[in-house]
Amino acid sequence: MGNTSWWRLVSLFHYSVASTEKFNLRKIFTSLLYCEVDFEMTDAIETIDLTKQFNGLTAVDKLNIKVEQGEVFGLLGPNGAGKTTTISMLCTILRPTSGTAKVNGYDVVKNANQVRKSIGIVFQDPSIDDRLTGRENLRMHADLYGVPPSEQNAKIDQVLKLVELEARANDIMRTYSGGMRRRLEIARGLIHYPKVLFLDEPTIGLDPQTREHIWSYIQELKHTHEITMVLTTHYMEEADKLSDRVGIIDYGKIIALDTPSKLKEALQGDVVIIKTGEPEKLSAVIAKDLNIQGARVSEGSLELTVPRGKVLLPKIVDVATRHGIAVDAVSVREPSLEDVFIHFTGREIRVEGGSELHGLAAIRRRAIK
Amino acid sequence: MTEIRGFYTLWLREVKRYLRDRVRIVSSFVQPLLWLVIFGTGIGFSLQNLKVSFQQYIFPGIIGQTLLFTSMFMGISVIWDREFGFLKEILVAPISGISIFLGKMFGDSTDAVIQGVLIFFLGLLLGIRLTAVMFLEMLPIMLLTTFGLVSLGLTIASFIENLESFGAIQSFVNLPLFFLSGALFPVNGVYAVSVPNWLRIVSNFNPLTYSVDALRTIVLGGAWRPVYPFYFDLLVICGFDICMIIIGTISFNRRK
């Protein structure tokens with residue numbers, strides 16, 4: 001039995017409440033029973049030394065991760081860290097150079113077709129046919145994935161409702177906004193009852209409002225569907241908000257993996273920010289008088305990650321005053337995943353490309369490499 | 001069953017896309033019209049020794065040209081699909097690469113044949129002597145011709161990385177195949193009296209030569225002596241189709 005059956009119980013409970021079904025004891029009992037019988041419940045995803053090299057350059061380096069059924073797993077890292085390459089291998093688009101992975105128990109190299117049937121993908125770049133209507137795009141997908149024609153209409157209506165696009169379903173995709181296209185792609189990924197849904201940078205290039213919108217769909221999905229989700233992102237906030245567990249990836253390697261809250265706890269402290277005209281001097285003073293190392297100096301401010309920041313703050317101000325350093329402003333905040341990333345990699349997440357591209361440049365990005 | 005539905009849905013997509021592009025359908029009349037009316041009339045006056053009008057003579061060639069240009073364009077347009085990301089959606093679908101290729105190819109072929117049929121009716125309007133029987137005989141030849149040409153387009157597209165090469169196809173593939181096919185003037189057979197040998201030899205390697213020859217045999221009938229027997233044309237076209245479909249399927253489904 002173990003953890004998995006407990007997870008099932010919790011998720012089923014969640015499911016029955018969220019879907020406003022009556023709390024069904026029998027269902028839960030059967031579910032537990034099912035777990036008793038099904039001892040070897042497999043992970044949704046398991047990678048075994050998964051590696052991909054491009055012309056001698058290692059994009060993904062002996063990756064070993066496990067994703068449990070029903071969890072939302074976030075893969076967080078800067079652009080070029082190997083997130084999309086990893087997902088592409090799990091989706092059987094790319095062939096691993098060495099190692100392998102199992103998705104829903106199927107090997108991505110040996111049983112590619114079985115893997116494909118059991119997963120849904122929302123690609124980083126748009127992948128809809130802009131000359132077809134929303135409904136036509138969905139129907140084509142249903143046909144490609146072998147959804148029986150008798151079930152197609154009901155299923156298409158259901159997913160359209162989920163992303164609130166019923167009213168626009170018969171419009172040509174060209175007339176859709178970027179956020180609407182994204183929503184349709186998420187809906188499309190769900191049509192064939194996938195067990196695992198891959199979301200590769202689901203909100204890249206979208207405005208903040210649309211981003212929040214997409215997040216709420218993903219969260220709703222988590223509560224209403226029994227589905228495992230793997231999400232890649234370089235937005236800390238996104239990983240934090242949506243994921244049950246986060247794997248931080250950099251240069252093709254997982255450097256930290258845990259729940260967002262545990263990752264933040266690992267920093268053992270709060271982030272203290274002091275605005276001052278002499279950050280270097282203050283840094284040296286703090287190191288000497290208070291014995292606190294590792295202050296991060298930047299233009300006009302100083303940042304520290306320390307336990308019990310609120311208690312320490314008055315002491316810092318006191319020390320600064322004694323050495324004649326003027327403090328302009330102070331603040332204490334709980335660590336974010338951004339801080340976690342800096343903690344593990346020693347640098348900030350590189351923000352580049354992606355969201356800033358417009359027009360033809362954005363289109364060019366969409367090509368499969 | 002999944003394979004057949006997958007095939008069908010990809011075919012449907014190509015046809016829908018084509019029929020929705022009204023501007024392209026209308027503009028595709030322009031070139032054949034120019035060839036038939038201006039080129040056909042002009043050259044016709046300087047070539048008086050044919051038993052039929054020069055327009056009648058080049059009409060099957062212009063059908064062939066339409067099939068060639070449309071097929072290649074449709075085949076190569078898969079570069080757009082790749083550039084705009086749509087190809088990924090198809091390539092990760094759990095159906096076989098053969099179904100994907102055939103669905104796409106049949107769809108594009110259907111579009112090219114519709115185009116050919118439209119030019120057939122344009123010919124009727126221009127006063128070229130055509131009959132319903134000719135139409136029914138030409139239809140399978142047109143379809144068979146487009147299979148190979150679309151597959152050729154798809155094959156080329158799977159080796160081309162960017163959109164810029166699009167124009168190069170016109171210069172390096174379309175026009176040479178068109179000019180060396182006997183569409184506008186005899187390059188082989190009894191009418192090619194003073195045609196140099198190299199042209200004859202090269203034209204033998206052009207698949208379009210056989211399509212134009214077959215179409216001309218249908219349209220001109222007894223007024224003309226074909227370059228090759230009709231069955232031979234058909235055989236070569238089918239052989240080309242099979243080869244290109246095999247090569248196309250393999251190159252289209254390469255996985256990195």
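Two exercises with worked solutions follow, both set on a predicted model.

**Exercise 1.** Determine how helix 8 and helix 12 of chain B are oriented relative to each other, and which residues make their contact.

*Solution.* Two packed helices are described by the angle between their axes and the distance between the axes. Here the axes of helix 8 (residues 132–159) of chain B and helix 12 (residues 230–252) of chain B come within 8 Å and cross at roughly 30°. Since angles under 35 degrees count as roughly parallel, the two helices of chain B are therefore roughly parallel to each other. The handedness of the crossing of helix 8 and helix 12 of chain B is left-handed. Helix 8 of chain B contributes residues including L144(B), F147(B), G148(B) and S151(B), while those from helix 12 of chain B include F240(B), D241(B), M244(B) and G248(B). By character, the residues of this contact divide into twelve nonpolar, seven polar and one charged.

**Exercise 2.** Work out the strand order of the four-stranded open sheet of chain A, and state which helix packs on the sheet.

*Solution.* The order in this open sheet of chain A is 13-14-12-15, with antiparallel pairing. Strand 13 (296–298) and strand 15 (327–333) of chain A are the edge strands, each pairing on one side only, and the twist averages 15° from one strand to the next. Turning to one pair, strand 12 (residues 270–276) of chain A runs antiparallel to strand 15 of chain A and is joined to it by six bridges; V272(A), for instance, has V332(A) in strand 15 of chain A as its bridge partner. Finally, helix 11 (residues 279–290) of chain A packs on the sheet, where it touches strand 12, strand 13 and strand 14 (301–306) of chain A, and the direction of helix 11 makes about 30° with that of strand 14 of chain A.

Conventions
Residues numbered from 1 in each chain as written. Chains lettered and ligands numbered in written order. Predicted model: local features only at pLDDT ≥ 70, side-chain atom pairs only at ≥ 80, totals over all residues. Axes fitted to C-alpha atoms, helices over the stretch in contact; angles between N-to-C directions. Parallel < 35°, antiparallel > 145°, perpendicular 65-115°, else oblique. Left-handed = near helix turned anticlockwise from the far one by under 90°. Contact = placed C-beta atoms within 7 Å. Nonpolar A, V, L, I, M, F, W, Y, C, P; charged D, E, K, R; others polar. Pairing = 2+ DSSP bridges.
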